[in-house]
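The following exercises concern strand pairing, helix packing and a chain contact. Each task is followed by a worked solution.

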Amino acid sequence: MSAGGLRHVSRPGLRTAITLSFAVGGLVLSVAMALGTYLTARDYLIDQREAGALRQAFSDASRVRDGLLTSGATVSDVLGNVSPPADAAVVVRRGDRWFSSSLQTGERDIPLEARDAVGNDSAALSWHRWDDDPAVVVGVPLPAVNAEFFELATTTELKATLDALAVVLTVFAGLTAFSAALLGRWASRQVIRPLDDVAGAAAQIASGALDTRLPATDDPDLATIVASFNSMVDAIHDRIERDARFAADVSHELRSPLTTLVTSVELLNRHRSELTDRPKKAVELITRDLTRFQRALEDLLDLGRLEAGAAEFVLKTVDARELVRQALLTTGQLESVLHLPPDGVPVPVNVDKNAMHRALINLVENADRHGGGLTGVQVAEEPGEVSITVTDQGPGVPASERERIFQRFFRGGSRGALPGTGLGLSLVAETARAHGGSVWCSSGPGGIGAQFTIRLPAAHGRPDEQSAS
Amino acid sequence: MTHLLILEDDEGIRSSLTMALEDEGYQVSAAAKADPALAIVAEQRVDLMLVDLMLGGMDGFTFIRRVRPSSDAPIIVVSARADTEDIVAALEAGADDYVTKPFVIKELTARLRALLRRGTGDGDPSTEPAGADQLVLDSTDPALVLDMGAGMVRRGGEEVHLTVTEYRLLCELASPPGRVRSRGLLLESVWDRGYFGDERIVDVHIRRLRTKVEIDASDPQTIVTVRGLGYRLDQR
């Protein structure tokens with residue numbers, strides 16, 4: 001694997017890390033224990049076996065010596081009288097001749113170092129292979145009868161015992177490691193559970209349930225995090241309420257004088273004919289900017305409420321086609337730009353009618369003001385989703401600005417000269433978001449103009465009170 | 001001449017609104033506080049009231065509750081806030097409709113005209129049930145009778161006091177009885193509000209109407225809710 005590939009390997013999670021360390025720790029400890037046990041047991045068993053082999057060899061050797069001391073006895077006769085255990089064989093050298101208690105055994109089975117040691121008049125014990133089995137060879141010099149005695153004994157049983165021990169210890173080491181992993185998993189869950197609670201509470205708060213708090217705990221290790229989490233949420237809650245109050249205060253402070261202005265200017269407009277040209281022009285200027293001011297204030301307050309999550313939506317299941325029709329009606333657009341699904345059935349969405357109406361009006365006005373005129377509004381139903389697409393025939397939006405165009409007071413360099421409030425599209429984005437939907441900008445069909453698409457989750461069932469109205 | 005009362009503590013709004021409505025041909029009395037406004041209602045015939053909710057001293061809610069027993073004239077609440085609780089509270093107190101600041105005069109006069117329709121004899125013929133002048137809504141004793149000729153509702157011969165809007169809502173439901181009306185339809189025919197009207201206006205009025213015409217408002221038998229569809233008036 002390349003180094004570049006390694007960079008993308010994600011770090012294991014806390015739960016995995018804890019489980020793994022328990023498993024590895026368990027494995028290391030149990031392997032060390034097993035290895036120690038195995039080595040100790042093996043040394044002990046080998047010592048035992050060697051002691052046994054020596055005992056047997058000396059006993060058999062003395063019998064052979066005694067036999068040979070009897071006058072006239074041949075080695076073969078003596079060997080016939082010696083009865084070594086079934087897994088052992090006796091080999092005797094007298095002069096240059098070799099005698100054996102078994103036909104399959106002979107000179108070739110006696111290792112050289114044993115012969116050398118016995119040749120030097122000392123007893124020897126060595127390990128050797130005999131018919132492919134491990135065997136212990138004991139050599140005893142018999143100087144009194146001018147002979148050398150060798151006894152071979154296979155240690156197959158010892159090997160089987162040690163093998164069985166190794167298997168048992170390996171299995172137990174594995175089981176111990178596995179149990180440690182399970183323990184680690186349980187422990188990690190104990191550690192993670194409070195974090196899961198915190199994550200769940202945080203998600204609920206993020207989705208607007210600001211009253212969510214972590215339940216009090218008597219666990220001293222958790223009390224700190226619970227207390228600081230709850231006080232953090234309290235602080236956020238206070239902050240949001242302060243912001244909402246501020247928005248309400250600003251709203252009251254600005255709306256009253258604005259009402260006076262709007263009402264008075266309307267009165268002036270009704271009496272325009274009584275004015276001379278210059279005051280008439282002044283009234284026109286005031287009227288235009290007052291309308292813009294009014295729109296900006298409404299947009300700003302709506303945006304503030306949406307962003308603070310304080311907007312009180314009255315959600316109703318309505319027909320998206322009707323929403324779009326109303327938006328076209330309000331903005332004085334022709335209904336012929338509307339493209340609807342061909343089946344002619346209602347397209348239900350669950351929305352706050354007024355909020356979505358304002359968002360659609362903003363999109364239509366944006367197309368009209370900055371996009372060289374509205375060319376089409378399309379309502380389409382996809383599985384689980386409803387999309388409303390507004391297309392214009394303007395210069396389009398450069399790809400680099402398609403995200404930023406939804407920010408407050410963003411003004412694209414190429415988006416026409418007519419002033420808007422600079423808030424319309426961000427209001428659209430916030431409204432879509434607050435309804436669990438989204439909005440994005442792309443280029444129009446054939447690369448001409450811009451396209452704004454609002455996507456909303458489809459509602460189930462028919463629009464409310466359809467049949468009775 | 002239709003007489004309007006404006007209760008508004010903001011000098012600018014009060015003056016400009018008075019001028020604009022006089023310009024529209026209404027006779028306008030204006031007050032900055034609730035007490036002089038109550039005095040005007042007590043002394044003169046008032047056809048419709050425009051009430052600001054945020055007032056110094058007695059607030060708009062209290063004014064509405066105080067003025068309601070003696071006057072059945074429509075009340076339009078003028079609220080600076082779009083706060084839904086304030087609006088619902090004002091409707092519960094007895095208001096008929098609302099506009100939020102800043103509004104344009106055209107919007108306000110549309111609301112005025114809708115609520116004044118019957119008051120100026122400009123009744124919508126479709127709200128008059130065909131044929132009968134009197135309609136027995138509930139024949140259990142004491143009987144509830146809608147007397148279209150006299151323009152009133154009686155239970156056991158005694159008049160049940162309804163506001164102008166409550167009476168029009170009842171007539172709408174009773175022409176003919178037994179048919180389900182959606183909230184949107186009622187909003188359109190009684191309040192002249194279109195697609196974006198606030199349907200809570202209907203719900204609050206239905207609630208108020210029930211406390212007056214039902215024997216047990218918590219278990220309505222005459223004006224019943226049809227889930228997901230709207231309301232229906234059942235004759236018994």
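**Exercise 1: a strand and its neighbours**

In this predicted model, strand β3 (residues 48-52) of chain B pairs with strand β4 (residues 75-79) of chain B in the parallel sense, over four bridges. Determine which residue of β4(B) is the bridge partner of Met49(B), and establish how β4(B) is covered.

Solution. Begin with the β3(B) side: Met49(B) has Ile75(B) as its bridge partner. The connection includes helix α3 (residues 60-67) of chain B, and β3(B), α3(B) and β4(B) make a right-handed β-α-β unit. Next, β4(B) also pairs in the parallel sense with strand β5 (residues 97-100) of chain B, over four bridges; here Ser79(B) has Thr100(B) as its bridge partner. Finally, consider the side chains. In a regular strand they alternate between the two faces of the sheet. From β4(B), Ile75(B), Val77(B) and Ser79(B) point one way, while Ile76(B) and Val78(B) point the other way. Five of the five residues of β4(B) are buried.

**Exercise 2: two helices**

Classify the packing of helix α6 (residues 164-173) and helix α8 (residues 200-213) of chain B.

Solution. The axes are 10 Å apart and the angle is about 90°. Angles of 65 to 115 degrees count as roughly perpendicular; α6(B) and α8(B) are therefore roughly perpendicular to each other. In the contact, Thr165(B), Glu166(B), Leu169(B) and Leu170(B) of α6(B) meet His205(B), Arg208(B) and Leu209(B) of α8(B). By class, these residues comprise three nonpolar, two polar and two charged.

**Exercise 3: the chain contact**

State how many residues each chain brings to the contact.

Solution. Chain A contributes 26 residues and chain B 27 residues. On the side of chain A that touches chain B, α6(A) gives the most, with 15 residues.

Key: Residues are numbered from 1 along each chain as its sequence is written. Chains are lettered from A and ligands numbered from 1 in the order in which they are written. This is a predicted model: local features need pLDDT of at least 70, side-chain atom pairs count only at pLDDT 80 or more; totals for chains, interfaces and linings use all residues. Axes are lines fitted to C-alpha atoms, for helices over the stretch in contact, and angles run from 0 to 180 degrees between N-to-C directions. Angles under 35 degrees count as roughly parallel, over 145 as roughly antiparallel, 65 to 115 as roughly perpendicular and the rest as oblique. Two residues are in contact if their C-beta atoms, placed from the backbone, lie within 7 Å. Ala, Val, Leu, Ile, Met, Phe, Trp, Tyr, Cys and Pro count as nonpolar, Asp, Glu, Lys and Arg as charged, and the others, Gly among them, as polar. A residue is buried if 20 or more other C-beta atoms lie within 10 Å of its own, exposed if 12 or fewer, and partly exposed in between; C-beta atoms are placed from the backbone. Two strands pair if DSSP finds at least two bridges between them. A crossover is right-handed if, with the strands pointing away from the viewer, the path from the first strand over the helix to the second runs clockwise.
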